[in-house]
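Reader: I keep getting lost when I look at a whole chain at once. Please pick one part, show me closely how it packs, and then work outwards from there.

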Amino acid sequence: MADSNKGASDSGLTANATVTDGPYFEDFKVGETLPPAPAITIGYGEAAVYQSICGDPLAISLSQPLATAVTGQPQAVVNPALVLQVAIGQSTVATRKVIANLFYRGVRQLATVYVGETLCTHVTVRGLREATPRADREPRGMVLLGIQTTDSAGELVLDFERCALVRRRSAEPTGHKDNLGGVADTLDMASFEQIAPLHWDLTALAGSGDGFRGLNWAVGETRAEPLRDTVTDALALVRLTQNLAQAHRDASLGQDGKRLVYGGHTIGLAQAGLMRLLPSAATVVGWHMCDHTAPVFEDDLLAVAATLDIVWQVANGYLLAFTVEVQAERTGASAMPVLLWRPVVLAS
């Protein structure tokens, strides 16, 4: 495998290149770092638009006085889901020709992002694998991407991998057969503890319900969020995050003649549902993994259910690991699973 620090100027996608079509699977080289997307400043306007689309009730991203009481900082906090949305959108310099995003893994929120911060995302190709050819579909391949997002000071705030299924120019063999790895069965809670903001004061989040313990949520218990939500404004979120994937904008390049809803949109609504079930949540520290198990389309009705897997006590509260499952209902079809997500949440 090539050196993961290899610069964009050494790759097939040079920093001064103008990409008008692609990249296709054949254009990638393992180890190359792609030319970055424009940096994005997350201001109050961006936060408000995101809130209008996903309606996430994460308390410290809604109330600046509460954010100050918890974090000790005077700035308003950006919802960690919005940070992910921006990073994923910026990473689509690699996935204009995406057919589907297959999975995320090892997501780590390494620093709190405050309103007014500017984010830049760097994308490195870590693996390539041809998809099994079939006569009834166009040729395609899987691209494993390493994604790192930094703030205006160059400090790393987000680190993760995602795997995208992208179009190929032709069915000619490329020889790419990399092992793209998998997800460990055991969730390493100690690694999440190392990056959690353990200096935060979470007492204000407990309110009168004694925080998480007041919910009497037992390990292994599944709770369904009663407020199902409809996917709307999909194009607005795509544009907000500078997502360049053509399948999210052009119905002719989507599935079944419909625009494919950006996967982060589904995750955003899933996090909103989880936060309604867990009002003492302080932040999402990271994800063990996330799989998109089926496509989502505009106007799908999503139902969220969360199972508590692990309770890990830390200095200022609890790290809680969940398995969150999302099902979609659409006209003329039965409910189907569309998302399997395993986040780790810091809660009082």
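Author: Contact means heavy atoms within 4.5 Å. Helices (H or I, at least four residues) and strands (E, at least two) are DSSP runs, numbered from the N terminus. Keep in mind that this is a predicted model: local features need pLDDT of at least 70, side-chain atom pairs count only at pLDDT 80 or more, and totals for chains, interfaces and linings use all residues. Residues are numbered from 1 along each chain as its sequence is written, and side-chain values use heavy atoms, with hydrogens and water left out.

Let's zoom in on helix 1, which covers residues 44-54. Which of its residues are buried? Tyr50, Ile53 and Cys54 are, where buried means under 20% relative accessible area, exposed over 50%, and partly exposed in between (1.4 Å probe, protein chains only). Because these three cover an arc of only 80 degrees around the axis, they end up on the same side of helix 1 (the arc is taken from the directions from the helix axis to the C-beta atoms). Flip to the other side of helix 1 and you'll find Tyr44 and Ser52, which are exposed.

So what do the buried residues of helix 1 pack against? Their partners are helix 3, helix 7 (234-240) and helix 8 (263-277). Before we follow those, look at what comes after helix 1: Gly55, with a positive phi near 60 degrees.

Now for helix 3, residues 80-90. Its axis and that of helix 1 come within 11 Å and cross at roughly 100 degrees. Axes are lines fitted to C-alpha atoms, for helices over the stretch in contact, and angles run from 0 to 180 degrees between N-to-C directions. Under 35 degrees counts as roughly parallel, over 145 as roughly antiparallel, 65 to 115 as roughly perpendicular, and the rest as oblique. That is why helix 1 and helix 3 are called roughly perpendicular to each other. Helix 1 brings Glu46, Ala47 and Tyr50 to the meeting, and helix 3 answers with Ala81, Leu82 and Gln85. Sorted by class, this contact has 4 nonpolar, 1 polar and 1 charged residues. (Nonpolar covers Ala, Val, Leu, Ile, Met, Phe, Trp, Tyr, Cys and Pro; charged covers Asp, Glu, Lys and Arg; the others, Gly among them, are polar.) Notice that Tyr50 turns up both among the buried residues of helix 1 and among those that meet helix 3.

Helix 3 also packs with helix 8, at an angle of about 175 degrees and with the axes 10 Å apart. At that angle, helix 3 is roughly antiparallel to helix 8. From helix 3 come Pro80, Ala81 and Gln85, and from helix 8 come Gly264, His265, Gly268 and Gln271. This time the classes read 2 nonpolar, 5 polar and no charged residues. Ala81 and Gln85 should ring a bell, since they are in contact with helix 1 too.

Just along from there, in the loop between helix 7 and helix 8, sits Asp256. It isn't a glycine, yet its phi is positive, about 55 degrees. With a relative accessible area of 70%, Asp256 is exposed. Asp299 has a positive phi as well, about 75 degrees, again without being a glycine. You'll find Asp299 in the loop between strand 8 and strand 9 (301-314), and at 55% relative accessible area it is exposed.

Let's finish with the strands. How many aromatic pairs does a search of the whole structure find? It finds 5. Rings of Phe, Tyr and Trp (its six-membered ring) pair if their centres lie within 6.5 Å; planes under 30 degrees apart are stacked, over 60 edge-to-face, and the rest tilted. One pair is Tyr104 with Trp287: the centres are 5.5 Å apart and the planes at 80 degrees, so it is edge-to-face. Tyr104 is in strand 2 (residues 98-109) and Trp287 in strand 8 (residues 281-292), so this pair ties together parts 183 residues apart in sequence. Tyr104 is buried at 2% relative accessibility, and Trp287 is buried at 5%. Trp287 also pairs with Trp341, with centres 5.8 Å apart and planes at 85 degrees, so that pair is edge-to-face too. Trp341 lies in strand 11 (residues 333-347), so here the linked parts are 54 residues apart in sequence. Put together, ring pairs link Tyr104, Phe160, Trp287 and Trp341 into a cluster.
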